Amino acid sequence: MAASEIDFIIVGGSYAGLSAALALGRARCRVLVLDAGQPRNRTTPHAHNLLLHDGDAPAELAARARQQVAAYPTVQLLEARATAAEKLPDGTLQVTTAAHGTFAAPTLLLATGLRDELPPLPGFAECWSTSIVHCPYCHGYEVADQPTGLWMNGEMVAHMVAMLLNWTRELTVFTNGPATFGADVRALLAQHSVSLEETPVAALLHTGPQLDGLGLADGRALPLRVLYAKVPWQQGCDLPAQLGCELDELGLLRVDELNQTTVPGVYALGDNCTMMHQLANAIGVGNRVGGLLSRDLILGRTLPMRP
Ligand SMILES: Cc1cc2nc3c(=O)[nH]c(=O)nc-3n(C[C@H](O)[C@H](O)[C@H](O)COP(=O)(O)OP(=O)(O)OC[C@H]3O[C@@H](n4cnc5c(N)ncnc54)[C@H](O)[C@@H]3O)c2cc1C
């Protein structure tokens, strides 16, 4: 597909990006998808809370999605990381890759996800998404009713504890240093017999991806089978920053009701612009944005020809 023939460039060919590509490609728009192949859930053995695919392996889902979208000659998929993006003086959006050069289109969709920053504690990465999990809706059902830890500090502990008690009553909060929440949160923990450990965590005890417990700085070892951890995240890449797209106070891309970022012609979809971090949501928003943008393109071409 020559650069001049592209209607939409989509950076990020995972759930949100491929869903948009499917809607656009079926509407006979010409789409280029660039994907670096690092979906956020790539380390989890089974994807859940996704109707029709509950329990499927993410790698299988990704391969099937790519195969289905690639069947449309209107869509070109390239395995490539986009390293630069720029809006040219005439409004064209230009995207550069190391392997395949530079592409340009009138509209750019960023479906670039988020990047989780795991703590450098040995074993954390190995257990991540198997016995160290981030979300009860994704994994809570499978790990319910086991000795469980919550690695978290701050006032939001109250909310998370209130949620997690639905999945387990054997809960300990690890603040990894002095608790930074008030007496009301302590009272909530006491009310529900939730233990509180403020001693810093020194080590993870684990057998392969299965957590066995946490070793504390004072030498104690507390057995656990499951740990919920809220890890910090960043935007999946720096293209939004290069383009000057604004972030909100949470670090998500600011978008309007049509998912356009603060840079006209640049749209964001999926995890990078919402707190609804779920596969179904990423697929749904890709479908909606793809449908709306294709409609605008089709009507824009057709309506001026009316008498
Ligand atoms: C451990 C874990 C387990 C999860 N399990 C579940 C679950 O069971 N059920 C559920 O509903 N949700 C789950 N989620 C959430 C789910 O993974 C996300 O909501 C979903 O992946 C978001 O889709 P996305 O398309 O927005 O982003 P992603 O799936 O993260 O995809 C972003 C894509 O963009 C690519 N990319 C980024 N920058 C560039 C660039 N510059 N050039 C080219 N490509 C680029 C990346 O390589 C990646 O392929 C889980 C999340 C985590 C962290």
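**Exercise 1. Determine how many bridges join β13 to strand β14, and in which direction the two strands run.**

Step 1. Fix the strands: β13 covers 201-207, and β14 covers residues 210-216. Helices (H or I, at least four residues) and strands (E, at least two) are DSSP runs, numbered from the N terminus.

Step 2. Count the bridges: six join β13 to β14, and the two strands run antiparallel. Two strands pair if DSSP finds at least two bridges between them.

Step 3. Check one position: His206 has Leu211 in β14 as its bridge partner.

The model is predicted: local features need pLDDT of at least 70, and side-chain atom pairs count only at pLDDT 80 or more, while totals for chains, interfaces and linings use all residues. Residues are numbered from 1 along each chain as its sequence is written.

**Exercise 2. Place β13 and β14 in their sheet and find which strands stand at the edges.**

Step 1. The order is β13-β14-β15, an open sheet of three strands with antiparallel pairing.

Step 2. β13 and β15 (221-223) each have a single partner strand, so one side of each is left without a neighbour in the sheet.

Step 3. On average, neighbouring strands of this sheet are turned by 25 degrees against each other, direction ignored. Axes are lines fitted to C-alpha atoms, for helices over the stretch in contact, and angles run from 0 to 180 degrees between N-to-C directions.

**Exercise 3. Work out the order of the five-strand open sheet and the pairings of β16 with β9 and β10.**

Step 1. The strands are ordered β9-β16-β10-β11-β12, with parallel pairing.

Step 2. The edges are β9 (132-133) and β12 (195-197); each has a single partner strand, so one side of each lacks a neighbour in the sheet.

Step 3. β9 is joined to β16 (residues 226-229) by two bridges. Ile132 stands opposite Leu227, and Val133 stands opposite Tyr228.

Step 4. Four bridges join β10 (residues 148-151) to β16, also running parallel. Here Gly149 stands opposite Leu227.

**Exercise 4. Describe how helix α1 packs against helix α8.**

Step 1. Two packed helices are described by the angle between their axes and the distance between the axes.

Step 2. The axes of α1 (residues 15-26) and α8 (residues 279-302) come within 7 Å and cross at roughly 35 degrees.

Step 3. The crossing is right-handed, that is, the near helix is turned clockwise from the far one by less than a right angle.

Step 4. Residues of α1 in the contact include Tyr15, Leu18 and Leu22, and those of α8 include Ile283, Val289 and Leu293. Contact requires C-beta atoms, placed from the backbone, within 7 Å.

Step 5. By class, this contact has 13 nonpolar, seven polar and no charged residues. Ala, Val, Leu, Ile, Met, Phe, Trp, Tyr, Cys and Pro count as nonpolar, Asp, Glu, Lys and Arg as charged, and the others, Gly among them, as polar.

**Exercise 5. Identify which residues come nearest to the ligand and which elements contribute to the shell.**

Step 1. Of the 39 residues around the ligand (C-beta atom, placed from the backbone, within 6 Å of it), Gly12, Ser14, Asn41, Gly113 and Gly270 come nearest.

Step 2. α1, β2 (31-35) and α8 each give two or more residues to the shell.

Step 3. The shell divides into 16 nonpolar, 18 polar and five charged residues.

Terms used: Contact = placed C-beta atoms within 7 Å.
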